[in-house]
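Me: Please take a close look at one strand of this model and describe how it is placed. After that, cover the ligand site and the nonpolar cores.

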Amino acid sequence: MPAIDVRGVRVRLGDVEVLRGVSLRVPRGQMVALIGPNGSGKTTLLRCLLGLQRLDAGEVRLLGEPVGPRVLRRIGYVPQRLPLEPSFALSVREFLALRRPDTRRWFFQRTRATDDVLLRHAPGLGLETLLGRPLSGLSGGQLQRVLIAYSLLGEPELLLLDEPTAGVDTPGEQDFYELIADVHARLGITVVLVSHDLGMVFRRASWVYALNGVICCEGRPEEVMNADSLKAAYGIHVTPYHHHHHHPANGTAPEGGVPIAFHPRR
Ligand code: ADP
């Protein structure tokens with residue numbers, strides 16, 4: 001049973017059909033990337049996965065269930081950014097503690113006991129030095145780490161990250177993807193990274209879906225990256241290409257292993 005199963009999803013926003021028949025299956029335990037130019041529908045597709053967007057057609061299933069409150073409890077979501085008032089007076093510890101029933105009453109607990117639970121369920125994020133800091137005083141990269149920790153505290157089976165480095169400076173981006181890869185390796189959960197950042201994601205993702213209103217191309221990063229036509233996806237309309245691993249009559253595999261093709265829309 002796939003972690004994500006999207007079939008024939010269509011979404012119209014105003015006059016534009018933003019998603020024009022999107023289908024994809026994400027196997028469990030993978031770290032995959034969803035890429036595409038601005039306006040290609042990445043955020044809209046994510047909203048469909050989170051049950052925030054009405055579908056005009058099609059179906060979405062997560063972990064084998066239709067999208068709804070029950071399955072969404074098993075999903076972690078990290079937003080692009082969390083706009084905070086500078087005067088927002090909550091520490092990282094207090095913010096994170098709200099996520100779990102066993103830490104929610106932190107004011108009756110010893111700090112040490114709270115921290116132990118938080119660090120145990122969100123390991124490897126460098127939270128130790130952040131717990132006492134005010135949430136509103138963090139850098140973009142630090143805040144992203146806290147947001148990842150917040151979703152991990154819910155013990156998700158599937159983690160969705162929307163353009164995760166949007167608020168992070170360029171040197172910080174590399175670390176950030178390392179961090180996600182580490183979380184993925186450590187916890188073995190399914191991770192979906194939504195990004196327009198090709199280079200970073202490609203080094204880390206096990207599979208890449210390129211979106212442009214439809215899934216116009218998918219494959220292993222090196223395959224998708226090598227396809228000249230990927231560039232074409234950035235700027236032209238495309239129709240889906242269904243690849244069925246048909247080998248040529250002479251029995252040799254197509255160059256590059258997996259055929260990738262873009263078909264300009266007529
Ligand atoms: P991405 O995340 O890939 O940049 P989006 O899913 O945010 O793309 O947006 C896809 C397209 O839908 C864009 O052209 C955007 O302008 C348009 N769009 C987004 N929200 C609305 C809306 N509420 N009404 C009309 N058009 C919208």
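Reply:
**Strand 8 and its surroundings**

In this predicted model, strand 8, residues 190-194, is mostly covered, with five of its five residues buried. The cover is on both faces: T190, V192 and V194 are buried on one side, and V191 and L193 are buried on the other.

Strand 8 pairs with two strands. Strand 7 (residues 158-162) runs parallel to strand 8, and five bridges join the two. In this pairing D162 stands opposite V194. Strand 3 (residues 31-35) is also parallel to strand 8 and is joined to it by four bridges. Here M31 stands opposite V191.

The ligand is surrounded by L13, V18 and a set of further residues that includes P37, N38, G39, S40, G41, K42, T43 and T44. Helix 1, residues 42-49, supplies the largest share of this shell, three residues. Oxygen atoms of the ligand lie 3.2 Å from a backbone N or O atom of S40, 2.9 Å from a polar backbone atom of K42 and 2.7 Å from a side-chain N or O atom of T43. On its own the ligand has 570 Å² of accessible area, of which the protein covers 54%.

As for the cores, the largest nonpolar one has 43 residues, and L96, L125 and V146 have the most contacts inside it. Leaving aside residues up to four places away in sequence, V146 touches V92, F95, L96, L127, L130, L135 and L138. Another core, of 29 residues, lies apart from the largest one and has V18, L49, V60 and V71 among its members. V18 is thus named twice, in this core and around the ligand.

Terms used
Residues numbered from 1 in each chain as written. Predicted model: local features only at pLDDT ≥ 70, side-chain atom pairs only at ≥ 80, totals over all residues. Heavy atoms only, no water. Buried < 20%, exposed > 50% of the residue type's maximum accessible area, 1.4 Å probe, protein only. Pairing = 2+ DSSP bridges. Core = buried A, V, L, I, M, F, W, Y, C linked by side-chain atoms within 4.5 Å. Contact = heavy atoms within 4.5 Å. Near = heavy atom within 4 Å. Polar contact = N/O pair within 3.5 Å; in protein donor to acceptor, adjacent residues only side chain to side chain. Areas by Shrake-Rupley, 256 points an atom, 1.4 Å probe, with all protein chains shown as cover.
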